[in-house]
Amino acid sequence: MFPRPPPRSCDTFVALPPAAAGGRVVFGKNSDRPADEVQEVVHFPAAAHPPGAALECTYIKIDQVEKTHAVVLSRPSWLWGAEMGANEHGVCIGNEAVWGREEICDDEALLGMDLVRLGLERADTAEKALAVIVDLLEKYGQGGNCMESHMVFTYHNSFLIADRKEAWVLETSGKYWAAEKVEGGVRNISNQLSITTKIDREHPELKEYAKSKGWWDGEKEFDFAATYSYVNTARMTTSRGRYCEGYKLLNKHKGSITSEIMMQILRDKESGINMEGGFMTTGSMVSVLPQQPNLPCIHFFTGTPDPARSVFKPFIFVPNITQLLKTSSPTFGHDDPVKKQPRFQNKPDRRHELYKKHESAAVVMETIEGQGKEMLKEIQELEKQKISEMESILQNACFDVNQVVNLFSQCVEEELKIYS
């Protein structure tokens with residue numbers, strides 16, 4: 001069986017000290033999705049749930065847990081899960097579509113994006129999030145249409161999971177999986193299996209299953225990516241693919257990676273990391289995770305396509321954050337075409353207010369040279385100002401909770417003023 005040619009999409013990055021500056025962990029992700037798909041930025045507070053409660057994910061119901069953590073998510077607005085996000089404990093997760101030898105099941109189960117949100121809601125460390133995801137994978141499986149369309153688009157998933165102290169890569173093939181603890185300061189994942197012989201956790205039947213399929217002879221050193229996919233792992237960091245280009249960009253800045261450097265990497269068009277076309281970068285995220293527990297983690301989200309002409313807006317977890325209205329898409333309840341059978345018979349307008357204004361502004365930036373340049377300069381200055389304010393918080397270890405509670409929403413308002 002020959003591999004299907006997958007769309008080229010998504011990159012996730014992490015830099016740990018000493019590769020990251022200031023003794024911090026820096027996480028970043030571009031979410032590359034169908035160009036007309038709206039990505040929203042939403043916040044859900046911590047919650048308690050009654051015993052025996054059920055949770056409705058994108059396609060299936062699963063058992064709810066007694067307590068869920070507060071999360072901030074950047075997600076395709078038609079589904080329950082998320083492409084990327086963070087929780088109140090400083091755990092960050094991003095996922096990627098991956099393909100390999102194992103046939104992909106089209107049956108509806110948990111989407112990789114559901115697993116991202118579930119890991120964030122249920123775990124207070126990266127290592128625990130890894131355990132949550134693999135347990136759910138074993139119990140419920142992964143599968144279902146990953147696009148808001150009657151055309152079926154399915155894939156397996158890889159995940160990059162980070163917290164204030166460490167990071168893990170988790171890669172899956174059906175129910176089988178391998179995990180690698182990140183060493184050496186930097187790591188990235190793209191749309192291919194990338195764990196080779198350094199396997200720190202694995203599905204108990206991972207190797208036996210590969211032997212039964214004739215993918216591994218049981219004698220040579222076990223290489224997960226080479227065994228479970230069609231990747232030539234000897235050439236992964238030298239070929240001209242996006243995984244390789246991301247690897248080179250991380251290593252180019254090793255020792256001095258900051259939030260600004262990570263944003264610069266996510267904006268890189270020459271490498272294909274900032275994607276354009278039918279699949280494009282529809283949302284981006286950068287997080288700064290200080291190792292000192294008294295300092296807040298800071299999470300930046302665009303909520304709009306193309307990071308090269310978007311603003312990374314800061315978010316800090318504090319009590320009583322109100323709903324992020326200007327980046328939240330309309331909801332349609334039981335009338336949503338995603339909820340009805342057969343699914344995806346039509347597409348409602350899911351654009352939130354920031355998306356609409358940014359869409360109009362992008363046309364100005366593309367077509368009206370003088371006005372477009374001025375607008376781009378203003379949003380870049382707004383972002384620099386916010387990064388400087390966040391750096392001041394991290395340096396001085398103090399901030400006004402009453403101001404921070406509306407930090408993200410206030411920045412959205414400032415961005416909207418520029419567009420209008």
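This presentation describes the empty spaces, ring pairs and buried elements of one predicted model.

Some conventions come before the results. In this predicted model, residues are numbered from 1 along each chain as its sequence is written, and side-chain values use heavy atoms, with hydrogens and water left out. Local features need pLDDT of at least 70, side-chain atom pairs count only at pLDDT 80 or more, and totals for chains, interfaces and linings use all residues.

I begin with the empty spaces. Rolling a probe the size of a water molecule over the atoms shows where empty space is left. The search runs on a 1 Å grid over the protein atoms alone: a cavity is a set of points where a 1.4 Å probe fits but cannot get out, a pocket is an open set with protein on both sides within 12 Å along at least five of seven lines, and lining residues have an atom within 4 Å of a point. Grid points are joined across faces, edges and corners, and a volume is the space filled by probe spheres set on the points.

The largest pocket holds about 650 Å³ of space. Its lining comprises 35 residues, of which R75, L79, W80, R117 and T331 are the closest to the centre. Helices (H or I, at least four residues) and strands (E, at least two) are DSSP runs, numbered from the N terminus. On that basis, β3 (39–44), β5 (54–56), β8 (71–76) and α1 (112–122) each supply at least two residues of this pocket's lining. Strand β3 has the largest share, four residues. By class, the lining of the largest pocket contains 14 nonpolar, 13 polar and eight charged residues; here Ala, Val, Leu, Ile, Met, Phe, Trp, Tyr, Cys and Pro count as nonpolar, Asp, Glu, Lys and Arg as charged, and the others, Gly among them, as polar.

As for closed spaces, the whole structure has two cavities of 30 Å³ or more. The second largest cavity has a volume of about 40 Å³. Its lining consists of F315, I316, I321, L324, V404, V405, N406, L407, F408 and S409. Helix α10 (residues 407–419) gives the most to that lining, with three residues. Eight of the lining residues of the second largest cavity are nonpolar, two are polar and none is charged.

I turn now to the aromatic rings. Rings of Phe, Tyr and Trp (its six-membered ring) pair if their centres lie within 6.5 Å; planes under 30 degrees apart count as stacked, over 60 as edge-to-face and the rest as tilted. The whole structure has 11 such pairs. One of them is the stacked pair of Y176 and Y209, at 4.1 Å centre to centre with 15 degrees between the planes. This pair links distant parts of the chain, as Y176 lies in strand β13 (residues 176–181) and Y209 in helix α3 (residues 206–212), 33 residues apart. Y209 also pairs with W215: the ring centres are 5.9 Å apart and the planes stand at 85 degrees, so this pair is edge-to-face. Ring pairs join Y176, Y209, W215, F224 and Y228 into a cluster. Are Y176 and Y209 buried or exposed? Both are buried, where buried means under 20% relative accessible area, exposed over 50%, and partly exposed in between (1.4 Å probe, protein chains only). W215 also counts as buried, at 17% relative accessibility.

Two arginines have their charged ends over rings, a term that requires NZ of Lys or CZ of Arg within 6 Å of the ring centre and within 35 degrees of the ring normal. R117 sits over F44, 4.2 Å from the ring centre, and R101 sits over Y230, 5.3 Å from the ring centre.

Next come the enclosed elements. Why is α6 described as largely enclosed by the rest of the structure? Six of its eight residues are buried, so the description follows. These buried residues are S259, I261, M262, M263, I265 and L266. They pack against β1, β2 (24–34), α5, β16 (279–290), β17 (298–301) and α8 (369–396), where contact means heavy atoms within 4.5 Å. Helix α5 (residues 242–252) has its own buried residues, namely R242, Y243, C244, E245, G246, L249 and L250. Their cover includes β1 (11–15), β14 (186–189) and α6 (259–266).

I close with one residue, A86, in strand β9 (residues 84–87). A86 is buried, with a relative accessible area of 0%. Not counting residues up to four places away in sequence, A86 touches A70, V71, V72, V91, C92, L120, M285, H299 and F317.
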